[in-house]
Amino acid sequence: MIENSTFLKDVNEGLSHHPKYLSSHYFYDKAGDELFQKIMEMPEYYLTNSELEIFKKQSEALIQSFDINPNEEFELIELGAGDGKKTKYLLKALLDRKFRFKYIPVDISQNTLSVITDKMENLFPDLQIDSRQGDYFQVLDELFISTKPKVILFIGSSLGNMQDEIAKGFLNKISKHLKQNEKLLLGVDLIKSEEIVLPAYHDSAGITRDFNFNLLHRINRELGADFKVEHFEHAPEYTETEGIAKSYLKSTKKQAVYIKELARSFEFDENELIHTEISRKYNDEILNNLLEGSQLEIKDKFLDSKEYFADYILEK
Ligand code: AVI
């Protein structure tokens, strides 16, 4: 649960800034989690199915690339556990091959963890699960007290929601925790044409629009604001040369919004934007730039049949 005072401070900072911004971090309350689940089912949102195909068809090859000693117990740590739809294929392949391991899903949301733990316990009664609730880094610090060999999963292109500098710092911190030869499985969306990427962030059913609007509803609910969502538009864009998709909320008229908890108003011009999300797409060069100085290197790369998405095995 995010402290409301942090939310309040971030909203104040972002809406006072020129140009205005809000962090996509705040999309994910209960309503936002549900909308994101729906997004993943939209035909336009190719990311989930592309990575799912890799896990369905290439789990054995992923495991080979992990290069785990079969005689030693290891820990499989998943950062941002999600719904387990993809991971279950990897877990099944590991269990079928009689690897000895503990699955450690990590998530900020206790609800997400309870759902995934129940689901995996039902699917795999023999699986050892030890879920950990909290911020990735705090939990990583605690988990790395154990000296068991580790494989870390960070899939779903969640790295893409970080600005490059933040992503670089994140990869660096993970690397500091890993020992020589330990692996990070990093799932990222690849750079491709606008005709494919943009609809993923502008689905025809309007679910992604509602996901973006939920941020305004959330500010209304939690901070006593009077955003009129009908006076904003969901405005995504994608630049193929950069490989970056961005989402904005565009004010359709000149208006003022009052936030009770801040006891102040914010002015919006007609067509003024609030930047709400970045969804970066990658290639080897961009990833290698992020990895520079981290001691992590690309060991392997697994693609889906359309070559939309990549699961990289990074090794220290
Ligand atoms: C979670 N993350 C990888 C999603 C993405 O594609 O950037 C979040 C999302 N935003 C809009 N649609 C999906």
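## Ligand shell and the α2–α9 pair

A polar side-chain atom of Tyr45 sits 2.5 Å from an oxygen atom of the ligand. The structure is a predicted model. Two further side chains make polar pairs with the ligand, as the table shows alongside Tyr45.

| Residue | Side-chain atom | Ligand atom | Distance |
|---|---|---|---|
| Tyr45 | polar atom | oxygen | 2.5 Å |
| Tyr201 | polar atom | oxygen | 2.6 Å |
| Glu277 | N or O atom | nitrogen | 2.8 Å |

On its own the ligand exposes 340 Å², and the protein buries 96% of that area. Residues from α2 (30-39), α9 (207-223) and β12 (273-280) enter the shell around the ligand, each of these elements giving two or more. In total, 13 residues surround the ligand, and the closest are Tyr45, Asn161, Tyr201, Glu277 and Ser279. By class, the shell holds seven nonpolar residues, five polar and one charged.

Two of the elements that contribute to the shell, α2 and α9, also pack against each other. Their axes come within 9 Å and cross at roughly 175°. Because an angle over 145 degrees counts as roughly antiparallel, α2 is roughly antiparallel to α9. On the α2 side, the contact is made by Ala31, Gly32, Leu35, Phe36, Lys38 and Ile39. These meet Ile207, Thr208, Asp210, Phe211, Asn214 and Arg221 of α9. The contact of α2 with α9 comprises six nonpolar, three polar and three charged residues.

Methods: Residues are numbered from 1 along each chain as its sequence is written. This is a predicted model: local features need pLDDT of at least 70, side-chain atom pairs count only at pLDDT 80 or more; totals for chains, interfaces and linings use all residues. Side-chain values use heavy atoms; hydrogens and water are left out. A residue is near a molecule or strand if one of its heavy atoms lies within 4 Å of it. A polar contact is a pair of N or O atoms within 3.5 Å; within protein, one must be able to donate a hydrogen and the other to accept it, and residues adjacent in sequence count only if both atoms are side-chain atoms. Accessible areas come from the Shrake-Rupley method with a 1.4 Å probe; for residues, only the protein chains shown count as cover. Helices (H or I, at least four residues) and strands (E, at least two) are DSSP runs, numbered from the N terminus. Ala, Val, Leu, Ile, Met, Phe, Trp, Tyr, Cys and Pro count as nonpolar, Asp, Glu, Lys and Arg as charged, and the others, Gly among them, as polar. Axes are lines fitted to C-alpha atoms, for helices over the stretch in contact, and angles run from 0 to 180 degrees between N-to-C directions. Angles under 35 degrees count as roughly parallel, over 145 as roughly antiparallel, 65 to 115 as roughly perpendicular and the rest as oblique. Contact means heavy atoms within 4.5 Å.
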